[in-house]
Each structure stands twice: as structure tokens, then as C-alpha cells.
Amino acid sequence: EGYDARAKLVILSRVGLNADVRPEEVACRSISGVQQIDFEYAHQLGCTIRQISRAERYADQLYASVEPALVPQTEPLARVAGSQNMLVSTGEFGGETVFGGFGAGGNPTAVAVVSDLLHIARHKPRNDDMPPPSRYKVTSDFETPHYVRFVIQDKPGIIAAIAGVLSHNGINIDSVLQKPGCSKAELPFVMTLETCSSSKLGHALAEIEKFDFHKNAPFCMPILR
């Protein structure tokens, strides 16, 4: 469900961004909505799917979320498997730094706990080691390209109807993908969208869901670039 990943993101946000953020402030989405066909479409786009925790600080706002996302297969995050965790840190001057390791299991957990205990014992905490964390407005409204999967009962005019709503909300379509040979009674297809805010897409999908051709609710994921 992403709760463990969210807890890790909160700790990292406090340490790396000096942000006083609480778990309940961070939007969290489960991977349970991801289906096999999403991986097939992702591969067509040169991507795979991973559960991504991300946080970025701009001025007085902290952007933070935990959710499944499409990741280009050329990126380090795409190569994470099993219980491995990977941390990618990007700084203004230092560029991108990548750390990797196991995030679950008896031995990795024991090593992490003992390492923390030794650090505490050897370095007595001081109140003036770091400035107090700062409060920021927390939002998940990232600006990013998006992947949207629809499952519909096929009939003429569906793509035009969806495109009309997206256009009305100021969202551009990047591509439309549809596997051949699927049942017209329950037809899956995908749209990739150019960069837009999560909130803008949410408003558009709420309107699109009112059409009567849906067999399942639309499912969306950000595309990391």
C-alpha cells in the first residue's frame, strides 16, 4: 500500500530537505491498481513500473508523494528488483547521486538497526547540530507527463470525447496506444499526456468518468523524466 515507503520518505525529507513533514500529509497510492497490461504498454514506451517515493522542495512548498510510476528503462530506478531500495538524490551543484541496498529482510534490517545504535553511542546528539526543521505547505501536485489506461465498451467517438475533455482542461495528448485483438466489449487502451499538474488531470478524469462507455474507472500514473 506504500505506507512503509511513505515513512522512509518522511525521514529522508527531514534529513535531506530539513522539512517538518508528517506521514499523513504525504499522498500515498497503492500498487494494487497496476495490471499486467500496464507493464506491456509501459514496455512499448521504453519504460517499466516501480513504486516511487519522491520529494522536492521549492520556496515554501514541499512536493511529496508515494505512487506507482512509469520509469524509463535506462534509469537506475528501473533496475531495482525484489526487496531492493534505491535512493536518487539530486542537488543544485552536486548533480545526481545514487544509493542502493536491501530495504527488507532479517539480515539487512539487523545491520541497519545495529548501525544506528552504534552511531548514537559514538556521536552524542547535540541540539545545535542542525537547524530546526521548517514547516512547508505539503502538496502532491507535481507537474509531470502522465500515463492513463482506459477500459471501455468500444463504439465510435470515444477518443474524440476524451480528447475534448482533456483539451477543455488544457491538457495535450502525446500518444494513443491500443493492442490489437482485444475484445470490443472490454477494450483497454492507453493515452500518454504531455506535462500537466496532477490536480488538472484529476479534474479532467472526474469529468471523463461520467461517460457511459467505461467498463472500469480510468487508471493513471506519472511518467518520470
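In this predicted model, Glu67 counts as buried, because its relative accessibility comes to just 11%, under the 20% cut-off. That is a charged residue's name to keep in mind while looking at strand β3, the run from 61 to 72 in which Glu67 lies. Its side chain has a partner: a polar contact of 3.1 Å links Glu67 to the side chain of Arg29. Leaving aside residues up to four places away in sequence, Glu67 touches Arg29, Arg50, Gln51, Ile52, Arg54 and Pro222.

Arg54, one of those neighbours of Glu67, leads on to the aromatic residues. The charged end of Arg54 sits over the ring of Phe142, 3.8 Å from the ring centre. Phe142 in turn belongs to an aromatic cluster with Tyr58 and Tyr63. Pairs of aromatic rings are described by how far apart the centres are and by the angle of the planes. The count of aromatic pairs here comes to 4. For Tyr58 and Tyr63, the ring centres are 5.9 Å apart and the planes stand at 80°, so this pair is edge-to-face. Tyr63 has a relative accessibility of 18% and therefore counts as buried, as Glu67 does at 11%.

Turning to the nonpolar interior, the largest core has 18 residues, and Phe150, Ile162 and Leu166 are the ones with the most contacts inside it. Two strands and two helices each supply at least two residues of this core: β7 (143-152), α4 (158-168), β9 (187-197) and α5 (198-208). Of the contributors, β9 gives the most, with 5 residues. Ile162 shows how these pieces meet, touching Phe150, Phe189, Met191, Ile208 and Phe213 when residues up to four places away in sequence are not counted. Apart from this core lies another, made of 13 residues, with Val34, Cys47, Val190 and Met221 among them.

Elsewhere, a simple strand pairing can be picked out. Strand β4 (residues 84-91) and strand β5 (residues 95-102) run antiparallel to each other and pair over 8 bridges. With 3 residues between them, β4 and β5 form a hairpin. One way to find the register by eye is to start from Asn85, which stands opposite Gly101 in β5. As for the side chains, those of a regular strand alternate between the two faces of the sheet.

How values were computed: Residues numbered from 1 in each chain as written. Predicted model: local features only at pLDDT ≥ 70, side-chain atom pairs only at ≥ 80, totals over all residues. Heavy atoms only, no water. Core = buried A, V, L, I, M, F, W, Y, C linked by side-chain atoms within 4.5 Å. Buried < 20%, exposed > 50% of the residue type's maximum accessible area, 1.4 Å probe, protein only. Helix = DSSP H or I, 4+ residues; strand = E, 2+ residues; numbered from the N terminus. Contact = heavy atoms within 4.5 Å. Pairing = 2+ DSSP bridges. Phe/Tyr/Trp six-rings, centres within 6.5 Å; stacked < 30°, edge-to-face > 60°. Lys NZ or Arg CZ within 6 Å of the ring centre and 35° of its normal. Polar contact = N/O pair within 3.5 Å; in protein donor to acceptor, adjacent residues only side chain to side chain.
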